[in-house]
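Dear colleague,

I am handing over the structure that follows, together with an account of what was found in it. Please read the notes below with the model open beside them.

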Amino acid sequence: FMNPARVAILGCVLMAVAALAGPVRAEGDGRRIALVVGNAAYKEQPLRNATNDARLIGRTLRGLGFEVEVLENTPKKAMETAILKFGERSKNASASLFYYAGHGLQVRGRNYLVPVDAAIQTEATVRVEGVDVDLVLEQLGDARAAANIVILDACRNNPFERRMRGGTRGPAAVDAAVGTMIAYATAPGSTAADGDGDNGLYTAELARVLALPGLSAEEV
C-alpha cells in the first residue's frame, strides 16, 4: 500500500477502487461495506454537486457488490453515529470504503469534514463543530477489514477561511495504517472546484471508469 501523501491524484484512487471492484481476496468474509456522505446544504457557501456526487457513488458501489449506506446533508451527531456504525458493519469485511463529498478543511495538520450544522467561527471551534477524519480511520483500523479505502472529495474552497489565521487551504496529508489507502480529489494543500454540471469532475470520472467492465487496476 502506498504512502498516502503520494496518493493525492485521481489516477491513484481509480486504481485503488477498481482493485476492490474485482474478485474479492481470500482475506475477510466476502462482504464489501461502504458509507457514502454528501453534504451540500450549508448556510454559508452551499454546494451544487456534493449530494449528487454521493448518490452517484452510492449507485456505482452498489453495482459493484457493496452494501452501501448513503447520507445526505447530515449534521455532526448523525455523521459521527453513522461512522461508528460503519466501523461495526465493517468488522472482518473483505473491503470497507468511506466516501465523503462536501466542505472539508485542515487545522494544524488535521483534516475535518464539515457537517451541515457546523457553526465555525475560529480554528478552535473547528475541533468541536467538525468531524475529524481520524474518527473514520480509527473505526477502520478497529474493524480490521482486509482492505480499506477513504475517498475525500472534500477539497472545495473553505468558506470559513477568512476567519482563520492561515494554513487551512485544502487537505493535509495523513499517515494511514497498513491496509488503508486515503485519496483526495486534489493534492494536499490545494483546493478543487465544485463544478458546474450535475457532478464534480473528480467523482464523475471516478464513477465512469469504475463502471467499465474488465479493466485491471493498471488499465484504470
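I begin with L47, which is buried, its relative accessible area being 12%. L47 sits in the loop between β1 and α2, and its C-alpha lies 9.6 Å from that of A101, although the two residues are 54 positions apart in the sequence. Please keep in mind throughout that this is a predicted model.

**The chain as a whole**

The protein chain contains 6 helices and 8 strands, and, when it is followed along the sequence, these elements come in the pattern α-β-α-β-α-β-β-β-α-β-α-β-β-α. Of its 220 residues, 53% are buried, while the accessible surface amounts to about 9800 Å², with 51% of it belonging to carbon and sulfur atoms. Among the contacts with a separation of 6 or more, 73% are between residues that stand 24 or more positions apart.

**The parallel sheet**

An open sheet is formed by 5 strands, arranged in the order β2-β1-β3-β7-β8 and paired in the parallel sense. Its edge strands are β2 (67–72) and β8 (180–184), each of which pairs on one side only, and from one strand to the next the twist averages 10°.

Going through the pairings, strand β1 (residues 32–38) and strand β3 (residues 95–101) run parallel and are joined by 7 bridges, and within this pairing the bridge partner of I33 is S96 in β3. On to the next neighbour, β3 and β7 pair in the parallel sense over 6 bridges, with I151 of β7 as the bridge partner of Y99. Between β7 and β8, which also run parallel, there are 5 bridges, and here V150 stands opposite I182 in β8.

How many of the residues of β7 are buried? The count is 6 of the 6, so β7 is largely enclosed by the rest of the structure. The side chains divide between the two directions, with N148, V150 and L152 pointing one way from the strand and I149, I151 and D153 pointing the other way, and all of them are buried.

**Helices across the sheet**

Two helices can be described by the strands that they lie across. Helix α2 (residues 50–63) lies across β1, β2, β3 and β7 (148–153), and its direction makes an angle of about 165° with β1. Helix α3 (residues 76–89) lies across β1, β2 and β3, and runs at about 170° to β1.

**The aromatic pair**

A pair of aromatic rings is described by the distance of the centres and the angle of the planes. The structure holds 1 aromatic pair, formed by F86 and F98, which is tilted, with 6.3 Å from centre to centre and 45° between the planes. This pair links distant parts of the chain, since F86 belongs to helix α3 and F98 to strand β3, and the two are 12 residues apart. Both F86 and F98 are buried.

**H103 and its polar contact**

Is H103 buried or exposed? H103 has a relative accessible area of 1%, and because residues under 20% are classed as buried, H103 counts as buried. The residue is placed in the loop between β3 and β4 (104–107), and its side chain reaches the backbone oxygen of Q45 at 2.9 Å. You may wish to look at this contact in the model, with H103 and Q45 both displayed.

**The antiparallel sheet**

A further open sheet is made of 3 strands in the order β4-β5-β6, and its pairing is antiparallel. At its edges stand β4 and β6 (131–132), each having a single partner strand, so one side of each is left without a neighbour in the sheet. Strand β5 (residues 110–113) and β6 run antiparallel and are joined by 2 bridges, and the bridge partner of L113 in β6 is V131.

**In brief**

To gather the main points, the model combines an open parallel sheet of 5 strands with an open antiparallel sheet of 3 strands. Helices α2 and α3 each lie across several strands of the parallel sheet, including β1, and the buried residues F86 and F98 form the tilted aromatic pair.

With kind regards

Technical notes: Residues are numbered from 1 along each chain as its sequence is written. This is a predicted model: local features need pLDDT of at least 70, side-chain atom pairs count only at pLDDT 80 or more; totals for chains, interfaces and linings use all residues. Side-chain values use heavy atoms; hydrogens and water are left out. Two strands pair if DSSP finds at least two bridges between them. Helices (H or I, at least four residues) and strands (E, at least two) are DSSP runs, numbered from the N terminus. Axes are lines fitted to C-alpha atoms, for helices over the stretch in contact, and angles run from 0 to 180 degrees between N-to-C directions. Contact means heavy atoms within 4.5 Å. Rings of Phe, Tyr and Trp (its six-membered ring) pair if their centres lie within 6.5 Å; planes under 30 degrees apart count as stacked, over 60 as edge-to-face and the rest as tilted. Buried means under 20% relative accessible area, exposed over 50%, partly exposed in between (1.4 Å probe, protein chains only). A polar contact is a pair of N or O atoms within 3.5 Å; within protein, one must be able to donate a hydrogen and the other to accept it, and residues adjacent in sequence count only if both atoms are side-chain atoms. Accessible areas come from the Shrake-Rupley method with a 1.4 Å probe; for residues, only the protein chains shown count as cover.
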